[in-house]
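Trainee: I've got a new model open and no idea where to start. Can we go through it together?

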Amino acid sequence: MSDVVYDLREVRRARYAVAAVFAVHGAVTGSFATRVPWVQDHASLSAGQLGFALAFTAFGASCAMPLAGRISHRFGSRTALRGLLSLWTLSLILPSLAPNLLTLCLSMFLYGASAGMADVAMNALGVEVERMLGRSIMSGLHGMWSAGALVGSAAGTLAAHLGVDARAHFALAAVTLTLLGVVACRWVLDLQPAEDEEPPPRFALPPRSALLIGAVGFCAVFAEGASLDWSAVYLRDRLETSAGLAAACTTGFMLTMAVARLVGDAVVNRFGAVRTVRAGGALAVAGGLLIVVAGHPALAMAGFALMGLGIAVVVPLCFAAAGHSGPNPSQAIAGVATITYTSGLIAPGLIGGVAQATSLTVSFVLVTVLACGLAAFAGVLRSGDRNRTRIGRPKAAVPDPRP
């Protein structure tokens, strides 16, 4: 182990710095999401072509995420995060410059690749800070991501309302977020590998522990993707609500998830990851049942709120458990992230396919069944609980975790 020692103030400062990084990362996603219609019109794409292009985001992320660990090993955690986060924020400009399907596919691939690598690097650092503090912080970090996404979405909505060209909007947002990210990275921990430490492989299959943890994350992200993309359609088509009320359901779902993540660490620290996820799974199943049987919009909206509350902390806890599950946190986190990205990619299309063949009600029966997996398989997250219990809260100084 390295003889470098971090005092408690440095670790706490690093926690707030990583939280700011999460918010910046989320703000990029929120900014892009609001201008997708502009990007579609600019590239003259049909709905099917747009969906095909957007799929390259997850494809790029899945291909590039395993590289994050090697980059962090080569340059150190602080420099790597600063560079990868800057690539992500600046890549926001690319989709607005794409004039056709081919260039948009390439843009989305690069956009997704930079997003995935920055995602792995910041989650790995978050896990290290959590390990040093000896208490859960990952839910709050992901809550900051959700808060950043909401802020970026609000700014993008305003820009769209004012008729601002997305090229100007994305350029301004990219420069602003890049500067904020660079400043935040000044205070994250600068973890360096030992001289004799072997670099991680460029590409490697996820370890078995990551596959099991990723399966829990898959269930949560599937429910999240289905709810985000189909909640408004569900209320409008099945319950015949107004467009405004349908949109409010989606916004309420997002807010529920953000608030639950911001307060989720207190629950995890009190009850542990396993019991928290099991309780969350029960809430998600209850929400799914409400959605399926709802004959009134209020019941369906309550169901989506319960769904958001139940799944909110699952993905942060999956990343934390992956980071604590073996000697190579970045590789395990990359494996879990790949599985969850894949779930987010296939969920909207699968829900639509099932709805086309049967009904939206049957689609959300599928979501509810998958939510049962959260309670059934929550035990695989026990590694994170053991790690936090073993270390405890530091009182004076925190040893550097480098071997």
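What follows is a chat about this predicted model, one question at a time.

Trainee: Let's start broad: how many helices and strands are there in the protein chain?

Mentor: Keep in mind that this is a predicted model, so everything we say describes a prediction. In the protein chain, the count comes to 17 helices and two strands.

Trainee: And what share of the residues counts as buried?

Mentor: Buried here means under 20% relative accessible area. The protein chain has 403 residues, and the share of them that passes as buried is 52%.

Trainee: Among contacts between residues at least 6 apart in sequence, how many join residues at least 24 apart?

Mentor: For this one you set aside pairs that sit fewer than 6 places apart along the protein chain. Of the contacts that remain, the share joining residues at least 24 apart is 86%.

Trainee: Okay, on to helix H2. Are its buried residues on the same side or on opposite sides?

Mentor: First pick them out: H2 covers residues 36-43, and its buried residues are Val 36, Val 39 and Ala 43. Around the axis they span an arc of only 60 degrees, so they end up on the same side of H2.

Trainee: Which helices are included in what covers those buried residues of H2?

Mentor: Look at what touches Val 36, Val 39 and Ala 43, the buried residues of H2. The cover includes helices H1 (8-34), H3 (47-64), H6 (94-97), H7 (101-133) and H9 (166-185).

Trainee: Which residue follows H2, and what's up with its phi?

Mentor: Most residues other than glycine have a negative phi. The residue after H2 goes the other way, with a positive phi, and it isn't a glycine. It sits in the loop between H2 and H3, and at 60% relative accessibility it counts as exposed. The residue is Ser 44, with a phi near 55 degrees.

Trainee: Which residue in the loop between H10 and H11 should I look at for a positive phi?

Mentor: You want a residue in the loop between H10 and H11 that has a positive phi of about 55 degrees without being a glycine. This residue is exposed, with a relative accessible area of 69%. That's Glu 240.

Trainee: Now charges. How many salt bridges does a search of the whole structure find?

Mentor: Side chains of opposite charge can pair when their charged atoms come close. Searching the whole structure for salt bridges gives four.

Trainee: Which residue meets Arg 131 in a salt bridge?

Mentor: The partner is in helix H7 too, three residues away, so the two are separated by about one helical turn. Arg 131 is partly exposed at 22% relative accessible area, whereas the partner counts as buried at 16%. Their N and O atoms are 3.5 Å apart, and the partner is Glu 128.

Trainee: How far apart are the closest N and O atoms of Arg 167 and Asp 165?

Mentor: Both ends of this salt bridge are partly exposed: Arg 167 has 38% relative accessibility and Asp 165 has 28%. Their closest N and O atoms are separated by 2.9 Å.

Trainee: And what is the N to O distance for Asp 237 and Arg 236?

Mentor: Here too you have two partly exposed residues, with Asp 237 at 45% and Arg 236 at 44%. Their side chains meet in a salt bridge, and the N to O distance is 2.8 Å.

Trainee: Is His 169 buried or exposed?

Mentor: You'll find His 169 in helix H9. Beyond its neighbours within four places in sequence, His 169 has contacts that include Ser 31, Thr 34 and Val 164. Its relative accessibility is 9%, under the 20% cut-off, so His 169 counts as buried.

Trainee: Last one: at roughly what angle do H10 and H15 cross?

Mentor: H10 passes H15 in a right-handed crossing. By class, their contact has 17 nonpolar, seven polar and one charged residues. The axes of H10 (residues 208-238) and H15 (residues 329-357) come within 7 Å, and the crossing angle is roughly 35 degrees.

Technical notes. Residues numbered from 1 in each chain as written. Predicted model: local features only at pLDDT ≥ 70, side-chain atom pairs only at ≥ 80, totals over all residues. Heavy atoms only, no water. Axes fitted to C-alpha atoms, helices over the stretch in contact; angles between N-to-C directions. Helix = DSSP H or I, 4+ residues; strand = E, 2+ residues; numbered from the N terminus. Left-handed = near helix turned anticlockwise from the far one by under 90°. Nonpolar A, V, L, I, M, F, W, Y, C, P; charged D, E, K, R; others polar. Buried < 20%, exposed > 50% of the residue type's maximum accessible area, 1.4 Å probe, protein only. Arc of directions from axis to C-beta. Contact = heavy atoms within 4.5 Å.
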